[in-house]
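Colleague: Could you pick one part of this model and take me through it closely? I'd like to know what packs against what, with your cut-offs spelled out.

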Amino acid sequence: MITVERRGPIVLIGIHRPQMFNHIDPETFYGLAKAYYDFDQDPTLRAAVLFGHGENFSRGNDVDAFSALAKIGKSLTLGEGQLDPLGRAQKLSKPLVVVVHGDTWNMGHELHLVADIRIASADVRYAQTENAYGRVPGVAPIRLVKEAGWANAMRYLLTGDHWDAQTAYRMGIVQEIAPNKDAALKMGIDIANRIAACGPYGIKATLAAAHLAINDSADVTAYAKLEAEYVKLFGSEDFLEESKAEAENRPPIFRG
C-alpha cells in the first residue's frame, strides 16, 4: 500500500506495509509507479519526499510475490499513468528526496539510490543481500557503482554484508544523517520545501542536464541484462537450494 499526502507544493509518498516490514510486492510497486507519475505530471507540485511507515523503510522486494511472476517468465510491466520507481527507462523530471530509517535492504536501498537527495536516520541498516541468497540485485550493480565507486560497491554487493549510516555517508550515497526517524523525515520535508521555493524551470533544467552529464541513457542495456538474469534466476537450482536451506535451517550450498 502507498500513502500520498500533499503539503502545498510538495507531496509525501509513504510505503505502508509495516506488518510486512514494508516489503515491496507488485501492488505496492505499481502504487509507487502511479504516485511518481502523478507527481511528475502535476505542474503545481515542485518536490516529493519518499519515506516508510513503521519501524523500517523497506526490507526490499517481496520475494514470494515476485517469484510467482518470474516463474512463469513474466516481469513487472508498467503501463500508461505509471513511472518506474527504480528509474531505469525514465526518471522523474522533478526532485525526489528519500528519507530512510531502520532496515533499508535490497529494493528498498535501490529506491533510495534513485533519489536526488538522501536523508538517513542514524539507526538505518543498509544491505544488498541478494547474492548471499542465490539471487541478483535489481539495479544496484549499475547505480551503486556510479554513486559509491567500484570497490565500495563491490565490498557490499559481493558479500551481502550490511552497512550503517556513517559508512553510507563516507561513500557519498547519503547526504545528511539525522538522530532518529522523526528528525530525518522533518529534515527531508524541510529540504523539499527549500527546493519548492526555487524556480521550477531552473530546477527541471538542472536535473535534465545532470542526467545527461552522467549518461543515464547508457544504462538501459545493462538494466535489460539484469532484468533477464533476474527472471531466469527464479528457475535456477541455486534459488531452489536457498529456499530448501531456509526451510531446513542450514546454510545454503550454491553450485552456480
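Modeller: Sure. When I say contact, I mean heavy atoms within 4.5 Å. Helices (H or I, at least four residues) and strands (E, at least two) are DSSP runs, numbered from the N terminus. Keep in mind that this is a predicted model: local features need pLDDT of at least 70 and side-chain atom pairs count only at pLDDT 80 or more, while totals for chains, interfaces and linings use all residues. Residues are numbered from 1 along each chain as its sequence is written, and side-chain values use heavy atoms, with hydrogens and water left out.

Let's take the sheet, then a few bits elsewhere. The protein chain has 10 helices and 9 strands. 6 of the strands form an open sheet, ordered β1-β2-β3-β4-β6-β9, with mixed pairing; two strands count as paired if DSSP finds at least two bridges between them. At the edges sit β1 (2–7) and β9 (176–178), each of which pairs on one side only. On average, neighbouring strands of this sheet are turned by 20° against each other, direction ignored. Axes here are lines fitted to C-alpha atoms, for helices over the stretch in contact, and angles run from 0 to 180 degrees between N-to-C directions.

Zooming in on the β1 edge, 6 bridges join β1 to β2 (residues 10–15), and the two run antiparallel. One pair to click on: Thr3 has Gly14 in β2 as its bridge partner. Lying across the sheet strands β1, β2, β3 (47–52), β4 (96–100), β6 (117–121) and β9 is helix α7 (residues 181–196), which runs at about 160° to β6.

Now away from the sheet, to helix α5 (residues 150–157). Ala153, Met154, Tyr156 and Leu157 are buried there, buried being under 20% relative accessible area, exposed over 50% and partly exposed in between (1.4 Å probe, protein chains only). An α-helix has 3.6 residues a turn, so residues three or four places apart point the same way. The buried residues of α5 pack against α4 (140–148), β8 (162–164) and α6 (165–171).

Also have a look at Thr129, in the loop between β7 (125–127) and α4. Although it's a loop residue, Thr129 is buried, at a relative accessible area of 7%. Setting aside neighbours within four places in sequence, Thr129 is in contact with Asn106, Gly160 and His162.

For the wider setting, 47% of the 256 residues of the protein chain count as buried.
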